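Work through the exercises below with the sequence and the model side by side. Each task is followed by a solution that proceeds step by step.

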Amino acid sequence: YLDDNHIKPKTNFLDLPDSTIQKFKEEKFDWLDPKNAGLAAKVNLSWFKKLADFDYWDFETQSPLGDMLAKDPLYNFMAFMPSVTQSHFFEWSKLRLMTALKQNKMKEGLADTQNLARLLYSTEDFIHSMAAARILDLNREALDKAKLSKKNVKGLTSITKEQYNSLRRLF
C-alpha cells in the first residue's frame, strides 16, 4: 500500500502514445512494411544509445527503481512500472528496427536492440529472459526484411528461427 507520503512517478518513459499502441494492435499491421516507418518518428528513441552504458540490470539496485528504493524502502515495484509489460519492450524494439531499416543503418539498430535484450536477460528473471529472446527474434525478422530489400547487411547476423524456438522451449 502506498500513501501520499511515498514516491509515485507521474509518468513512465516507456509509455508509448496511444495511437502508436493502437497501430501495433491492428490485426493486419505489418511493422516491417516501409510505409509504417513514420510511426517511429513520433517517439524519442535516443534512450537506446544509453543502454550501452550498463553492464547489467538489477532492478532493485541498478535502475531508476533502485534510486526510488534508496529514498523510500517501502516503495512498491508495481507502483514504479505498473504499465510496463513485455509488449512495451517489443514495441520499442520494433520502432528502433523500423528506423534502422528506413535509414539503412541495420548495424546500429541491431546493436541497440541487442543491448536491450542483453540487459533484460541480465536481470536473471524468467519473464525478462523470455522478452530478451523475443527481441532477438525481432532482430532476425528485421534482418531478413533488410536482406530482401537489398539493404547493406554484410557481416550482420542474428539468431536463427531454430535458435529462437530452442530458447522458447527453455522458458
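**Exercise 1.** Which side chain meets that of aspartate 112 in a salt bridge?

*Solution.* This is a predicted model, in which local features need pLDDT of at least 70 and side-chain atom pairs count only at pLDDT 80 or more, while totals for chains, interfaces and linings use all residues. Residues are numbered from 1 along each chain as its sequence is written, and side-chain values use heavy atoms, with hydrogens and water left out.

Begin with the criterion: a salt bridge is a side-chain nitrogen of Lys or Arg within 4 Å of a carboxyl oxygen of Asp or Glu. The side chain of aspartate 112 meets that of lysine 49, with 3.2 Å from N to O. Next, place the partners: aspartate 112 belongs to helix α6 and lysine 49 to helix α2, so that the pair links distant parts of the chain, 63 residues apart (helices are DSSP runs of H or I with at least four residues, numbered from the N terminus). Finally, compare their surroundings, where buried means under 20% relative accessible area, exposed over 50%, and partly exposed in between, with a 1.4 Å probe and protein chains only. Aspartate 112 counts as buried at 5% relative accessibility, whereas lysine 49, at 49%, counts as partly exposed.

**Exercise 2.** Locate asparagine 115 and state which residues it contacts, leaving aside neighbours within four places in sequence.

*Solution.* Asparagine 115 is found in helix α6 and is buried, with a relative accessible area of 18%. Contact means heavy atoms within 4.5 Å, and with the neighbours set aside asparagine 115 is in contact with Leu51 and Ala52. Measuring from C-alpha to C-alpha, asparagine 115 and phenylalanine 48 are 8.1 Å apart in space, although 67 residues separate them in sequence.

**Exercise 3.** Trace the salt bridges along helix α7, starting from aspartate 137 and arginine 134.

*Solution.* The side chains of aspartate 137 and arginine 134 meet at 2.8 Å, N to O; being 3 residues apart in α7, they are separated by about one helical turn. Aspartate 137 is buried, at 1% relative accessibility. A further salt bridge joins aspartate 144 to arginine 140, with the closest N and O atoms 3.2 Å apart, and these two residues, both in α7, are 4 residues apart, about one turn of the helix. Here aspartate 144 is partly exposed at 32%, while arginine 140 is buried at 13%. A network of salt bridges links Arg134, Asp137, Arg140, Glu141, Asp144 and Lys161, and a search of the whole structure finds 9 salt bridges.

**Exercise 4.** Which element gives the largest share of the largest nonpolar core?

*Solution.* A nonpolar core is a set of buried Ala, Val, Leu, Ile, Met, Phe, Trp, Tyr and Cys residues joined through side-chain atoms within 4.5 Å. The largest one has 38 residues, of which Trp31, Trp92, Leu95, Met106, Leu116 and Leu120 touch the most other members. The largest share, 8 residues, comes from α5, and 14 of the 18 residues of this helix are buried. Beyond four places in sequence, leucine 95 touches residues including Leu16, Phe24 and Val43.

**Exercise 5.** How far can the coordinates be trusted over residues 77-83?

*Solution.* pLDDT is the predictor's confidence in each residue, from 0 to 100. The chain has a mean pLDDT of 82, and 76% of its residues reach 70 or more, but over residues 77-83 the pLDDT stays under 50. Where pLDDT is low, the predicted coordinates should not be read in detail.
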